[in-house]
Amino acid sequence: MLKNSLVPIFLLISISVFSQIGGTVTDTENNKLAYVNIYTEDGRYGTTTNENGEYELKLKEKGEHNLIFQFLGYKTEKKTIKIAEFPFKLSVSLKAETTSLDEVTINSDENPANAIIRNAIAARTQNSDKVEAYTADFYSRGLWRIKNAPEKILGQQVGDLGGGLDSTRSGIVYLSETVSEISYQKPDDFKEEIIASKVSGDDNGFSLNSAQEAYFSFYENTVEINSEMVSPISDYAFNYYNYRLDGTFYDDRNNLVNKIEVSPKRENDRVFSGYIYIVEDLWQIFGLELQTTGKAVQVPPIETLGFKQNYRFSEENGLYVQISQSVDFNFSMFGISGDGRFTAVYSNYDFKPGFKKNSFGAEVLAFKTAANKKDSAYWQEIRPVPLTDEEIKDYVKKDSIQELKNSQPYLDSIDRERNSFEPGDVLFGYSHQNTFKHRDFSISSPLFGTHFNTVQGWNTALNISYRQNKNKDSNEKYWEIFSDVAYGFSEERFRISGGFQKKFNNTSRPVLTIKGGSETRQFNASNPISERINDFSSLLFERNYIKIYDRGFAEIAYQQELTNGLFFSGNFSYQNRKPLENHTDLVWVDHDDLSYSSNNPVNPELSGLESFEQHHIFKTEALFQIRFGQKYMSYPDGKFNIRESKYPILSFGYEKGFGASENRYNFDHFKARVNQDLKLGNKGEFAYNLRAGTFLNAEEIAFPDFRHFNGNQTRIGNGFSYLNRFNLLPYYAMSTNTTYAEAHAEHNFKGWILGKIPFLNTLNYNLVLGGHALYTEDNKPYSEYSVGIDNLGFGKYRLLRLDYVISNQDGQSKGAFIFGLKFLGIFE
């Protein structure tokens with residue numbers, strides 16, 4: 001406790017002891033200026049002011065220094081100082097920049113801003129390519145605030161979010177800092193080594209801030225922020241923006257800088273608004289102040305998102321290089337609102353780093369040993385941007401109560417309140433946690449686990465599990481025992497299964513699963529038919545799509561990333577399989593012209609005929625996946641892979657059935673898959689999924705072992721992506737035990753088309769085109785084509801999609817609408 005009580009005092013003392021050069025930056029009316037850039041003339045050291053206009057510049061050498069104070073909208077100041085001893089105090093007042101049009105030659109044939117932007121576009125690639133390689137020091141700080149948080153969201157307690165909320169349920173809920181060294185080499189080699197990482201209230205935490213995540217280059221045609229946002233100097237910028245020359249001024253190098261107002265041509269396009277500053281003749285970015293909205297990036301909770309970037313001229317490569325960036329945002333959803341900011345500072349550039357062949361690899365981020373164990377003295381010495389009073393108080397408060405909040409008495413008291421049993425838990429499930437010992441016991445909701453099918457009638461299933469985690473991060477390392485208990489009321493039968501699972505580490509992620517028991521299973525193990533949708537389609541429309549069989553089994557499975565980008569999963573099982581028949585004809589709405597089909601997916605119109613004979617069989621399967629060019633981030637608690645969209649993902653596998661009680665049920669099955677998601681800039685996203693396979697010695701195998709394709713007869717979809725299903729194909733119409741191939745492709749234009757159509761562009765919808773094809777050796781080819789509208793909904797709730805699909809097979813065409821419900825999974 002003595003250590004914690006000294007934290008506030010030590011913080012305050014260290015601020016004065018370790019400040020090298022410090023002061024305040026204001027305007028001529030003494031208003032404090034936030035995020036002013038301050039750097040040495042050689043660019044080796046740099047910082048920005050905080051929200052209170054305060055700065056600290058860490059210099060090690062005494063003597064004479066030239067300091068540059070730069071801020072968009074204000075005249076750049078150069079100060080020559082002579083330091084005899086540290087700390088050295090220097091406060092500066094900046095004068096507002098007076099822009100003028102005196103230097104502009106007006107040509108009545110063209111808007112002068114258009115001519116400037118046209119030149120910047122022409123020089124865009126050349127300017128971007130000037131940076132061959134570099135190393136730099138990087139600092140980032142992230143902060144999230146919440147205002148007036150509710151006590152509960154969807155019935156779940158919100159709590160105080162780690163001590164971040166005050167009595168008004170407002171405050172900082174996330175504050176973190178990162179100091180790192182970054183390296184870059186054309187075209188796309190990148191590496192970041194994090195030297196120090198700090199999270200308020202968590203001594204063992206690692207900041208999520210990184211240089212790669214903070215990198216937004218407006219020299220690219222598009223800037224990825226969930227959607228591909230069009231840069232104001234992209235090759236096709238004139239299709240999206242209007243420009244106006246606000247004025248010109250000279251920077252400290254006597255270069256003419258054009259301040260250009262940027263405004264969207266159409267509402268809700270993937271665009272920005274604000275100002276971009278372009279250097280005359282060089283046609284380089286001097287700085288920018290741009291904003292966009294949550295509608296534009298298609299992240300509904302976000303209200304606004306603002307970018308501010310500042311640059312300085314580098315003599316080494318004749319380019320204005322980025323020295324700072326701030327990203328401001330505010331958000332609101334489910335009664336919670338708030339704001340935040342991510343600040344980044346780049347300094348100490350070296351444009352001739354002398355990289356070797358092994359300087360770069362697949363690892364793009366790593367932490368130095370004890371990066372999260374740096375004390376307050378270290379941070380005060382190295383932190384380039386001083387903390388605000390609000391941030392200091394947050395660190396002091398959360399660090400002082402951290403020991404208490406991690407203590408067993410405190411965690412037990414929280415658990416007692418959280419673990420108290422309430423009447424609603426009977427319907428919605430119950431969980432019991434021991435946070436201090438990292439244990440969790442849970443029983444799923446019997447209400448959400450209750451369904452209807454014609455085999456079992458009303459049936460309910462409970463999942464019971466006990467989990468032991470290595471630490472509070474439940475994904476790092478754990479073991480778990482689980483059991484599923486199900487009962488079918490019309491069938492009058494219990495089925496019980498259970499098992500054990502262990503995850504060994506969070507680097508290669510090896511997971512061992514052992515399970516067994518009795519269960520019902522859809523003939524298509526991918527479960528293409530939603531149980532909830534089948535409930536309503538059966539009871540209301542007398543269409544019982546789910547077809548199931550009984551499986552008694554014992555299985556062992558294992559999966560692991562063998563080496564970076566190469567994944568393996570395999571299993572071995574014994575199965576005793578029995579066909580099932582209907583036990584109920586219950587309906588809520590009786591249709592005279594309809595009746596329930598049998599539980600035979602091969603001949604659903606024939607009752608009493610089974611699709612296979614009862615048998616037992618041994619099965620084994622091995623699957624490999626290769627993710628070419630995969631990059632990854634190494635955290636002390638695990639390895640986190642980054643999907644690389646430039647290359648396809650290749651998967652291939654082998655499945656074998658053997659030792660069956662009926663020899664004809666033994667088989668061999670080879671299969672392969674190629675899939676890829678491609679980002680096409682302003683034209684949206686294109687994705688494809690190709691599968692193929694063949695069976696050997698499988699002429700008379702049991703129907704559960706056929707290759708089944710994900711069909712749909714309900715006219716309801718999940719609303720996200722249809723790259724692994726056919727929208728109008730009957731569920732088992734083309735199941736096969738021969739050679740097969742299927743192809744799926746989808747292009748989401750992300751506003752590229754609908755954003756240009758009057759009225760429609762105000763609705764923020766996305767046009768989606770799709771195509772699907774299926775070939776099997778024993779059927780006529782099948783194909784589908786679709787056109788859809790995504791991002792449907794109201795206000796911030798965009799959870800719907802609507803597609804019109806046309807199918808073709810053997811000269812027969814059918815058409816139907818598919819209603820996509822993205823919220824459907826919540827109620828499964």
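These exercises work through salt bridges and surface patches in one predicted model.

Local features need pLDDT of at least 70 and side-chain atom pairs count only at pLDDT 80 or more, while totals for chains, interfaces and linings use all residues. Residues are numbered from 1 along each chain as its sequence is written, and side-chain values use heavy atoms, with hydrogens and water left out.

**Exercise 1.** Find what the salt bridge between Lys-619 and Glu-655 ties together.

Step 1. A salt bridge is a side-chain nitrogen of Lys or Arg within 4 Å of a carboxyl oxygen of Asp or Glu. The side chains of Lys-619 and Glu-655 meet at 3.0 Å, N to O.

Step 2. Lys-619 lies in strand β33 and Glu-655 in strand β36 (residues 649-658), so the pair ties together parts 36 residues apart in sequence. Strands (E, at least two residues) are DSSP runs, numbered from the N terminus.

Step 3. Buried means under 20% relative accessible area, exposed over 50%, partly exposed in between (1.4 Å probe, protein chains only). Lys-619 is buried at 13%. Glu-655 is buried at 11%.

**Exercise 2.** Locate Glu-742 and its salt-bridge partner Arg-707.

Step 1. The closest N and O atoms of Glu-742 and Arg-707 are 2.5 Å apart.

Step 2. Glu-742 sits in strand β40 (residues 740-748), and Arg-707 in the loop between β38 (685-696) and β39 (716-717).

Step 3. Glu-742 is buried, with a relative accessible area of 6%. Arg-707 is buried too, at 17%.

**Exercise 3.** Place Asp-593 and classify its accessibility.

Step 1. Asp-593 lies in the loop between β32 (566-579) and β33 (615-627).

Step 2. Its relative accessible area is 67%, so Asp-593 is exposed.

Technical notes: Helices (H or I, at least four residues) and strands (E, at least two) are DSSP runs, numbered from the N terminus.
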